[in-house]
Amino acid sequence: MTKTLLILTGHSKGLGKAILEEFLNLENVKILAISRSTLGLDREDLQEISLDLSDLDTLESKLPELFPQGDFENIILINNAGWIGEIKPVGKLEPKTIQQAIQLNLVSPMILTDTFVKAYGDSVATKIIVNISSGAAHKPLPGWAEYCTSKAGLAMFSKVAAEELKLKGIKVYSLAPGIVDTAMQADIREARAEDFPALERFLNYKTEAQLSTPEEVAGKILYLVSNPEKFEEVIQDVRNFSVG
Ligand SMILES: NC(=O)c1ccc[n+]([C@@H]2O[C@H](COP(=O)([O-])OP(=O)(O)OC[C@H]3O[C@@H](n4cnc5c(N)ncnc54)[C@H](OP(=O)(O)O)[C@@H]3O)[C@@H](O)[C@H]2O)c1
């Protein structure tokens, strides 16, 4: 029997890749990992699926194969794929990027959560959904309208879903990972100061070595999903807990 099923989005780089590596080190795990690009890893415990999660029609057509049935003890969904969006003030945005950012950061996690419940709601397994949110869900940052809005929506969705799904024994978290040294932070540092007033602060995070590594954060996420009884609140921030 496979002990743990993990469905992970955004596994091809950054935080998602580090989460993937944590789970690949475990025994008895089946992993479905979804990004547009794949790593090409040849592992029996891993199925990589190339999918653009900002495209609703493609996602809908693939849904049936993303949630395999089986006799699992733990079933975990980590909605990690995300995009900072177009870093520009309101009044300079593009309809297409507004749609893509909200679809990827909010609509897709909602759809995947909903499908998870349909597939596993009645299973006796331990069931956990982690939506990777951001401090930006709770704090407006000029230039990040798409990002802040989508992450705030994801945090609220997590709270509603957690309340509804308690009776089915499904734990839902909205988890802020802190400031992590990934391609997303590199993209943020490329923003134009006139579009993003906080640019200098983000440049300093890098030069002053204030960023966490994806590996540190992934270790904390593994700790959270392995010890859900220690984490009561829906809204979590990795900066507020340590492993062990
Ligand atoms: N880095 C930070 O400081 C920070 C802070 C707060 C929150 N977060 C959140 O943490 C999560 C991971 O971020 P990260 O920093 O690791 O970002 P990243 O390095 O840019 O990685 C993003 C991941 O999402 C996937 N992805 C992007 N667009 C996609 C699409 N349209 N369809 C499917 N997959 C897509 C990417 O793979 P492909 O390009 O191959 O599709 C990649 O695997 C995100 O939700 C982000 O909002 C990050």
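## Meeting the ligand

An oxygen atom of the ligand is found 2.7 Å from an N or O atom in the side chain of Gln 185; a pair of N or O atoms within 3.5 Å is called a polar contact. Taken alone, the ligand exposes 880 Å², and the protein buries 94% of that. Such accessible areas come from the Shrake-Rupley method with a 1.4 Å probe.

Before going on, note that this is a predicted model, in which local features need pLDDT of at least 70, side-chain atom pairs count only at pLDDT 80 or more, and totals for chains, interfaces and linings use all residues. Residues are numbered from 1 along each chain as its sequence is written, and side-chain values use heavy atoms, with hydrogens and water left out.

## More contacts and the shell

Two other residues also offer polar atoms to the ligand. Asn 80 places a backbone N or O atom 2.7 Å from a ligand oxygen atom, while a polar side-chain atom of Asp 52 lies 2.8 Å from a nitrogen atom of the ligand.

Altogether 30 residues surround the ligand, and Ser 37, Asn 80, Tyr 147, Thr 182 and Gln 185 come nearest. Here a residue counts as near if one of its heavy atoms lies within 4 Å of the molecule. By class, this shell has twelve nonpolar, 14 polar and four charged residues. Ala, Val, Leu, Ile, Met, Phe, Trp, Tyr, Cys and Pro count as nonpolar, Asp, Glu, Lys and Arg as charged, and the others, Gly among them, as polar.

## The pocket around it

Where does the ligand sit? Its place is the largest pocket, as more than half of its atoms lie within 2 Å of the pocket's grid points. On a 1 Å grid over the protein atoms alone, a pocket is an open set of points with protein on both sides within 12 Å along at least five of seven lines, and lining residues have an atom within 4 Å of a point.

Helices H1 (14-24), H4 (145-165) and H5 (183-189) each give two or more residues to the shell around the ligand; helices are DSSP runs (H or I, at least four residues) numbered from the N terminus. H5 gives the most to that shell, with three residues, and also the most to the pocket lining, with five.

The pocket has a volume of about 1000 Å³. Its lining counts 45 residues, with Gly 82, Trp 83, Ile 84, Tyr 147 and Met 184 nearest the centre.

## A closed space

The search of the whole structure also finds one cavity of 30 Å³ or more. The largest cavity has a volume of about 40 Å³, and helix H3 (residues 95-120) supplies the largest share of its lining, four residues.

Key
Polar contact = N/O pair within 3.5 Å; in protein donor to acceptor, adjacent residues only side chain to side chain. 1 Å grid on protein atoms, 1.4 Å probe; cavity = no way out; pocket = protein on both sides within 12 Å on 5 of 7 lines; lining within 4 Å. Points joined across faces, edges and corners; volume = space filled by probe spheres on them.
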